[in-house]
Every structure is written in C-alpha cells, then in structure tokens.
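The following note is offered to a colleague who is meeting this structure for the first time. Its points are numbered so that each may be checked against the model in turn.

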Amino acid sequence: MIEKHNVSSYNRSSSKKFNFIKSIALVLLSSIALYSIHFNCLETPSEITLLKLAECPDAEIYRPKSYDSNKDVLYKIINDETFRNKSVVKMQNAVRIDTSSYDDLPIDVSKNLEKFQHFNVFHKQLREDFPLLHQTLELHMVNHFGLVYIWKGSDESLQPLLLMGHQDVVPINEDSLDQWDHPPFSADYDGKYLYGRGSGDCKNLVIGNMEGVEELIKVGFKPRRTVILSYGFDEEITGIRNKNAEFIESIYGKKSIYAVMDEGGVSLSQVGDSTMAIVGTGEKGYLDLSLAIQKKGGHSSIPQDHTAIGMMGDLIVQIENDKYPTYFTQYNPTFYQYVCYAENAVDIDEHLKHDILYSQVDELSNLNVRNYINSDRVTSYAIKTTQALDMIQGGVKVNALPEFVELKINSRVALEENITIAYDKFVKDAKVIADKYDLGLYVQFPYSNDTIEFKPPTDVGILTVKPINILEPSPVTTAHNSKWQLFAGTTRHVYEEIAYPEKYIDQGKRVIVTPGLGTGNTDTKLYWNLTDTIYRYRPGVLPSVLAGSHGINEYIEYDGHLQIIAFTFEYIQSVDESDD
Ligand SMILES: *[C@@H]1O[C@H](CO)[C@@H](O)[C@H](O)[C@H]1NC(C)=O
Ligand SMILES: *[C@@H]1O[C@H](CO)[C@@H](O)[C@H](O)[C@H]1NC(C)=O
Ligand SMILES: *[C@@H]1O[C@H](CO)[C@@H](O)[C@H](O)[C@H]1NC(C)=O
Ligand SMILES: *[C@@H]1O[C@H](CO)[C@@H](O)[C@H](O)[C@H]1NC(C)=O
Ligand SMILES: [Zn+2]
C-alpha cells in the first residue's frame, strides 16, 4: 500500500518543461486513437476529456433508504456503552476459544474429526451468542466444520450477497509467549483495545458480521435478496479443506453471487493530508518453485573448480540480478490508488501528480512513476513480480563434495503477468547457468506432470527446475460500476456520517475510497467461479498488519470493531434495495 509516501523525495528523470510539451503532443495523438476505440467519439478530444480515462472511481456517500427509520440502531452500535460492552463479551468469547490451524493438520477431515474438535466448541459459542441469527438463518455444515449460513431472500431472481471470513487463527509461537503483554487467548479489554490472537485476523469480521445480522433481525428486516455468510476453518493453512464455495456453487451455480466481501485491504490510511480506505480488488499470483543441482560427489581433497554449491551460488546471483519488469497500468488497481491520491492530495509534489495523471499517455511519465513506486520496498511489490530466495539445502559433510543442492523460491506474480511468464524467467536463468557449467537441464512446467529434457545430463551433472505451488493472479474486480459505487459509498457513509462526523462532515473533509491490491491470498481464491465482484476489505481503523496479526500482541481498537457491525448493518440494507 502507499502509506509510506515521502512527498519530498520525488525524483524525476526529465525537466518539467520537456515532459509537459511531450505530454500534450502525446495526449493529442493518443486521445484520437483511444477515443475512437473506446467511445467512438466524434468530438475533438481535449486534454481534459482524456484525463477522465484515468479518473479516481470516486463514490458519493450512499445511505440505504431505510436509514431514517433505522438510524437509532446505527448510533447505538457506534456510541452506546451498553451495546459496546455486550459486544466486547461476544468478541472475548470468540477469541478465548483457541482455533489455531497447525500446518500438520490432516487434509482428510472426515477421518480425523478429533483433530478439529475446537471448532465444535467455537460453534457452540456462536449458537449461544447469536440466538436470533441461528433461529432465522439456515446453517449448513460443509466438510464438517465449514459454516455456511443462508438467509433466504423473498426474491429468488436477485443474486445473493456473500460475506465471508475464517474461523481459524495462526498458532502462537511458544517461544514468544513471554513477549505477549496480554496472554494470547485472554481477550483482555481495557476500554479501548481488545487483545488476543484472532482479534484482528479475523474473528472481528466473523463476529462483526453476525452482530450486524442480529441487529437487522431485531429491527424486523427481511431480505429481498438472499444473504450468505460463509466461514472456512483452514484459511491460514491454504484453505484446501474449505468446500464452502463448492457447496454454494452446487446450489446457486457459477457467477451466481452479487458480490463477495472478505478480509483484506487497508481500512483507513493517512497518505499525506488525505485519508484513504483501500479496498482490495485484485491479488497477485503465487509461485513456489525448486531449482536443484545434482552432481557427482567425491572426496573434497580433489575438487573441481566449482562444486554443486558453487554453481548454485552462481545461479542465485543470476536470479537475483535478473529482475522482473515494473508496470503501471490501468489493469492494476494500484493505478487507481495513485490516481485517487494525485487527484485529492493538496500536498502532493506537482511533478508526481502530473506524471501519475499522464502515465497512460506519456512513456516518460509512466517510467517516472514506476521508478518512484519501485524505490520503496513496501510500495514496490504492487507493480512487479517479486522473488524471494527463501530456502537452501545441500551438502552433508565438510570433507565430502555435495551431491545435491536445492534452492526454493517464493515469487508473487504481478497482475500484468501470469504463472507461465513468471516461471519462464527462472527457466531462462537456469539455462544461463546450465550452459555456463555444461550441466544438463530438466524442466517441469506448471500445469504439466511431464519433465522436459532441455539438455541431456552431462558428466558434470544436471540442473532441475520444478514448480511446487502455483496460483494465478486473481481476476480484477472493476471499480467502474454501480456495485462499486454502493460499496465505496457505504464506506464513506459509515466513516464520515456515523463513526467520525466531527472529523469529516463537520469539517467538510472526506474519506477517499479507492481500489488497491490485496495483501495476501485469502480464501477468496476459492470463490472466483462464483462472482466477478470480490471486495477484500474489512472496515475499522486499524490495518491488521500493523496490529500484530500472525505475530505477537495482536489487538484491535474496539471502535473499529463497532464500525464493522455498522457497515454490515448498512451494506446489507443498501444491497437489498439495489436491483443490480
Ligand atoms: C461498560 O464496561 C465498563 C468496564 O469495561 C464499565 O466501567 C462500564 O460501567 C460499563 N458500562 C455500562 C453502561 O454497562
Ligand atoms: C500467460 O500470458 C501469456 C502472454 O500474455 C499468454 O500467451 C498465456 O496464454 C498466458 N497463460 C495463461 C495460463 O493464462
Ligand atoms: C498430474 O498428475 C496428477 C496426479 O497423478 C493428476 O491428478 C493430474 O490431472 C495430472 N495433471 C496433468 C496436467 O496431467
Ligand atoms: C471452478 O470451476 C472449474 C470448472 O468447472 C473447476 O474445475 C474448478 O474446480 C472450480 N474452482 C473451484 C475453486 O471450485
Ligand atoms: Zn485472515
């Protein structure tokens, strides 16, 4: 995400004047082409109309029509101390049940029910804390511990809305126990913060959804559009046991869901003087692969110039120096994040603003922006495929030549690329080294079980490349339709009018809601068949990555939790009123 902008550090590779003139020329040229393709427009295109191609997908504040009759409930959710205290108890109950997912849990759930018993305890607690929900919604247990709640709507022609999250949490590292200020399953609450594993990732979302639904039932809300709540139980360990999406597909079919909302994104983030809410509308791909060198061993008193470890060292240098290209394209939601920033920030460097807005018509502007984003490790991940050389193993004895060395790499694949493109880079690097040392080369490609012999094994040895795990970059959810307007508009409504009126509407300020890149692959990867609309976004002030999720001292700010409830309450009503 772009929190780390240092506005004063913008370096450009050209004088402003040159770039500006060049841009005008390019704008006029390319606008003719673009407009004739996209809009078939007969008017002479101007610079201003072209800029609209790169507009921040801004949304008006969106309130459900039922707002006036239900606003007391909303204010209660956000401001009432009794409500808050009751909510705290539900969150504490949920956090206190240890639902850790260990990497070694069996894949076959049916044959190992006893290994998942903690979820039964969790479900029992949910039934106690949400009696109305359990009376009103149909509950389906999928693959024993997956929860799918269906709140049937009166109009079956409307596509269901799907809210999701996960029940499991990341285990505690026993060695770090003494570093927790509050024991991880204490769920201590100090009036402002609630502490504990899972508080931010993501029992707050599960419990917040349920609390929102209970409040809706209490006010007599009956959905027109079906609402589904879907909670997996192994998100933290790949989601391979999660059959919820398959179950939902078996009832409703492919592309049958109005929208999916799941954890992810950045709730509120201060970028210079702008407050942004970043909704994950796409996720990078994922590629784990192995590169191994096999070579004859022998006594280390008579070595060759390069052992298998030495060759692997050269391969490592080759891979790390052969970097992936950067992109700044309209396909990537990151683009809109920067456009929204450029349009709204008053403290932005003028050159940077210009380059962002002209990036799609001026190559030099595009390059400047890419260099700017790429200069910071935290922001750079969004615009390129990354490679992390994470594991290496080889050699058995200090006086024996190594016979086998294996390197494992984790790569996150840019939205503009795909697994095949990312993988080919490694194959190319492997060829360079195989040629240099006269090694044979075997390559297994993704989506294939066959190993291709690029070069036969030699007396020196053989280099083998093979995939371990792959996931293509996700489809990208558009921000140019009314579903987005409704989602982003509800976010503004909850923050600006309900949660912080004194900070926003009272002062004429606003929240900018923008698409962005999700940070990690969640269970949403299982839902691609069900919908093109996936919002990875959890309302609330604190981004979970800053709140110790997966690490020590995980906590949430309780105000943020109440905002999840308020958002759920309003969003379900707004979607219900919409015919989309
Ligand atoms: C809410 O709980 C706090 C303790 O956390 C307590 O001091 C306060 O009196 C409670 N308020 C209400 C209205 O119950
Ligand atoms: C990956 O991208 C390349 C180039 O655009 C394309 O030819 C290929 O079909 C893509 N592969 C997949 C699996 O989408
Ligand atoms: C590869 O092998 C696995 C297991 O034998 C099989 O399920 C899969 O369909 C095969 N994939 C291809 C692309 O042949
Ligand atoms: C999506 O649909 C395809 C084609 O029917 C199927 O092979 C695949 O397993 C489905 N994906 C998931 C995650 O259910
Ligand atoms: Zn999570």
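1. The model is predicted. A convenient place to begin is ligand 1, whose surrounding residues are Glu-81, Thr-82 and Asn-85. Two of the contacts are polar: a nitrogen atom of ligand 1 is 2.6 Å from an N or O atom in the side chain of Glu-81, and an oxygen atom of ligand 1 is 2.3 Å from an N or O atom in the side chain of Asn-85. On its own, ligand 1 exposes 370 Å², of which the protein buries 37%.

2. Ligand 2 may be read in the same manner. The residues around ligand 2 are Asn-418, Ile-421 and Glu-472. An oxygen atom of ligand 2 lies 2.4 Å from a polar side-chain atom of Asn-418. Taken by itself, ligand 2 has 360 Å² of accessible area, and the protein covers 31% of that area.

3. The metal site deserves careful attention. Which residues coordinate the zinc ion (ligand 5)? The donors are His-166 through NE2, Asp-201 through OD, and Glu-263, which is listed twice through OE; the distances run from 1.9 to 2.4 Å. Along the chain, the donors of the zinc ion (ligand 5) follow the spacing H-x34-D-x61-E. His-166 belongs to strand S3 (residues 161–166), whereas Asp-201 is in the loop between strand S4 (193–195) and helix H7 (203–218); the pair therefore ties together parts that are 35 residues apart in sequence. His-166 and Asp-201 are both buried.

4. Why is the arrangement around the zinc ion (ligand 5) irregular? The angles subtended by the four donor atoms range from 57 to 146°. Four donors count as tetrahedral only if all angles lie between 85 and 135 degrees, so the range of 57 to 146° does not meet that criterion. For reference, the ideal angle for four tetrahedral donors at a metal is 109.5 degrees.

5. The backbone next to one of the zinc donors should also be inspected. The peptide bond that runs from Asp-201 to Cys-202 is cis, and its omega is near -15°. Cys-202 is located in the loop between S4 and H7. Most peptide bonds are trans.

6. Two residues call for comment on their phi values. Asp-438 is not a glycine, yet its phi is positive, near 55°. This residue, Asp-438, sits in the loop between helix H14 (419–437) and strand S12 (440–444). Its relative accessible area is 41%, which means that Asp-438 is partly exposed. Asn-553, likewise not a glycine, has a positive phi of about 55°, and is found in the loop between strand S16 (534–536) and strand S17 (555–557). Most residues other than glycine have a negative phi.

7. Is Thr-491 buried or exposed? Thr-491 is buried, because its relative accessible area is 1%. The residue Thr-491 is part of helix H15 (residues 482–499). Within the protein, the side chain of Thr-491 reaches the backbone oxygen of Phe-487 at a distance of 3.0 Å.

8. A final point concerns annotation. An unreviewed UniProt entry places the feature "domain: Peptidase M20 dimerisation" at residues 281–436. In the model, the chain over residues 281–436 is 44% helix and 21% strand. The end C-alpha atoms of this stretch, residues 281–436, are 43 Å apart.

Note on methods. Residues numbered from 1 in each chain as written. Chains lettered and ligands numbered in written order. Predicted model: local features only at pLDDT ≥ 70, side-chain atom pairs only at ≥ 80, totals over all residues. Heavy atoms only, no water. Donors = N, O, S within 2.8 Å, 3.2 Å for Na, K, Ca; no water. Tetrahedral: all angles 85-135°; square planar, octahedral: opposite > 155°, others 65-115°. Helix = DSSP H or I, 4+ residues; strand = E, 2+ residues; numbered from the N terminus. Buried < 20%, exposed > 50% of the residue type's maximum accessible area, 1.4 Å probe, protein only. Near = heavy atom within 4 Å. Polar contact = N/O pair within 3.5 Å; in protein donor to acceptor, adjacent residues only side chain to side chain. Areas by Shrake-Rupley, 256 points an atom, 1.4 Å probe, with all protein chains shown as cover. UniProt positions renumbered as here; feature names shortened; annotations may be inferred.
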